[in-house]
Amino acid sequence: MDGRPGNENGYARGYTRVLGANAISNLGDGMLLAAAPLLALELTDDAFLVAGVSVAATLPWLLVGLLSGVVVDRMDRRLLRALVDSLRALALAVFALAVALDVVELWMLFAVVFVVGIGETIADTAAHAMLPMVVAPERLRVANSQIQASTLISDRLVGPPLGGVAFVAAASLPFWIDAASFAIAGALVLSLRGRFRAVAPDVDIAPTPDRGRADGLRRELTAGLTALFADPILGAMARVVAVWNALDAMMTAVLVVLAGERLGIEGGGYGVLLGALAVGGLIGSATAPAMLRWLGDGGALLFVIGASVVTAVTLALTTTPWVAGAALALAGWLGVTWNITGAALRQELVPPQLLGRVTSAYLLFALGALPVGAVLGGLAARVDIRLPYAIAAVGSLAIYVWALPRLSNRQVARARRRATPERYGF
């Protein structure tokens, strides 16, 4: 691909394969989302250690997130993602065998979700950077909505309930299926035709003779951060999402404990509860384009932050499963709306030569905050299982007040006017 979509509808032929690979790999991930904490509960009854599964899964974004962006901007994104998916499939297959042989220990669970998480930093960044290569600019919001919808159907709606049921049937089964999903997704991405490198050369990719390789790599690592915070909208979004996701991780890391202690939900029922997130997310993916036209990008972002207070308060107070499910559905709707808006803005405001690094820099804040929040959630849950949710409610209100003057439609319009390749040196 040379960055120009291949038909009059704004989509290149490879888009359906990108969409399919996303759906297939996320089906296995959704099963893992339910199976990993359920396995942790069989191995330990310590809420802090159960939360450690979320820490291990998301810690790679803090450790290698920026480096992943450099790799994505240097290499063919198609080949890179296919390789990473193959390695993740191998790691999960080995772990599934250990579970089947009943020799699994808690550290092994932490290790495999950590390895899969490292692969996720590269695969997700590559997938985001590939999308403008198969979709016309005017179709990006719709395409991002479709990607989000496929992710939610697979990762949240179908995967978790299926993972809970499969885990009850055989503890190793969801891990075998996740391994297979990565193998299939990797093969599907590999079947794409064409080149998937950045559409224009980046003068900073290779170190010049008077700069060593270490200096060149350092400049590449910092280029994404510099570009991210050079734009006031993207920089403000990075700050907001770091705090917001840390608060969200405080809640989700101990959700399996809340479900058992306060809602009376266990096993397959926990997977169904997670499915409520997907139901809300599907509504978000369907309504986001209209909502953005109605409220504008800035208005939608501010609405999402403010409404998240309701989710946290509800989960802190309720003991009724359907009420908790409704709160999670609201959270899913809000999260998807934010993701669609943010992804389209990055793809619109950032040149393709920098998109991988800016994406990884953003995800460093967005996902690197998750292990921090998970640790804090586990510690707070030791005091009272409702405490992480109360903290999240207060924190969400605080970031809404901070974001009001920074994420307005006027600020978004100003950022669009300033977004030219020359601003970034291209």
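## A tour of salt bridges and a charged patch

Start by selecting Glu 348 and Arg 416: they form a salt bridge, and their closest N and O atoms are 2.7 Å apart. Glu 348 sits in helix α11 (residues 321-349) and Arg 416 in helix α14, so this pair ties together parts that are 68 residues apart in sequence. Keep in mind as you look around that this is a predicted model. Turn on the surface and check both partners: Glu 348 is partly exposed, at 36% relative accessibility, and Arg 416 is partly exposed too, at 33%.

Stay with helix α14 for the next stop. Select Arg 418, which belongs to this helix (residues 409-418). Its relative accessibility is 40%, so Arg 418 counts as partly exposed. Now add Arg 410, Arg 414 and Arg 417 to the selection; together with Arg 418 they make up a positive surface patch.

Next, back to salt bridges. How many does the structure hold? There are 8. For another of them, select Arg 357 and Asp 73, whose side chains meet with an N to O distance of 2.8 Å. Arg 357 is in helix α12 (residues 352-383) and Asp 73 is in helix α2 (residues 47-74), so the bridge ties together parts that are 284 residues apart in sequence. Are these two residues buried or exposed? Hide the surface to see them well, as both Arg 357 and Asp 73 are buried. Then add Arg 77 to your selection: Asp 73, Arg 77 and Arg 357 are linked in a network of salt bridges.

Now move to helix α3 and pick Arg 88 and Asp 85. Their side chains meet in a salt bridge of 2.7 Å, N to O. These residues are 3 apart in helix α3 (residues 77-100), which means about one helical turn separates them. Arg 88 counts as buried, with 5% relative accessibility, and Asp 85 is buried as well, at 0%.

For the last stop, select Ser 150 in helix α5 (residues 140-169). Ser 150 has a relative accessible area of 11%, so this residue is buried; the cut-off is under 20%. Which residues does Ser 150 touch, leaving aside its neighbours within four places in sequence? Show Leu 19, Asn 22 and Ala 23, and you have these contacts on screen. To finish, try your distance tool from Ser 150 to Leu 79: the two are 71 residues apart along the chain, and their C-alpha atoms are separated by 22 Å.

Methods:
Residues numbered from 1 in each chain as written. Predicted model: local features only at pLDDT ≥ 70, side-chain atom pairs only at ≥ 80, totals over all residues. Heavy atoms only, no water. Patch = residues over 30% accessible without salt bridge, like charges linked within 9 Å, V, L, I, M, F, W, Y side chains within 5 Å. Areas by Shrake-Rupley, 256 points an atom, 1.4 Å probe, with all protein chains shown as cover. Salt bridge = Lys/Arg side-chain N within 4 Å of Asp/Glu carboxyl O. Lys, Arg positive; Asp, Glu negative; His and termini not counted. Charge placed at Lys NZ, Arg CZ, Asp CG, Glu CD. Helix = DSSP H or I, 4+ residues; strand = E, 2+ residues; numbered from the N terminus. Buried < 20%, exposed > 50% of the residue type's maximum accessible area, 1.4 Å probe, protein only. Contact = heavy atoms within 4.5 Å.
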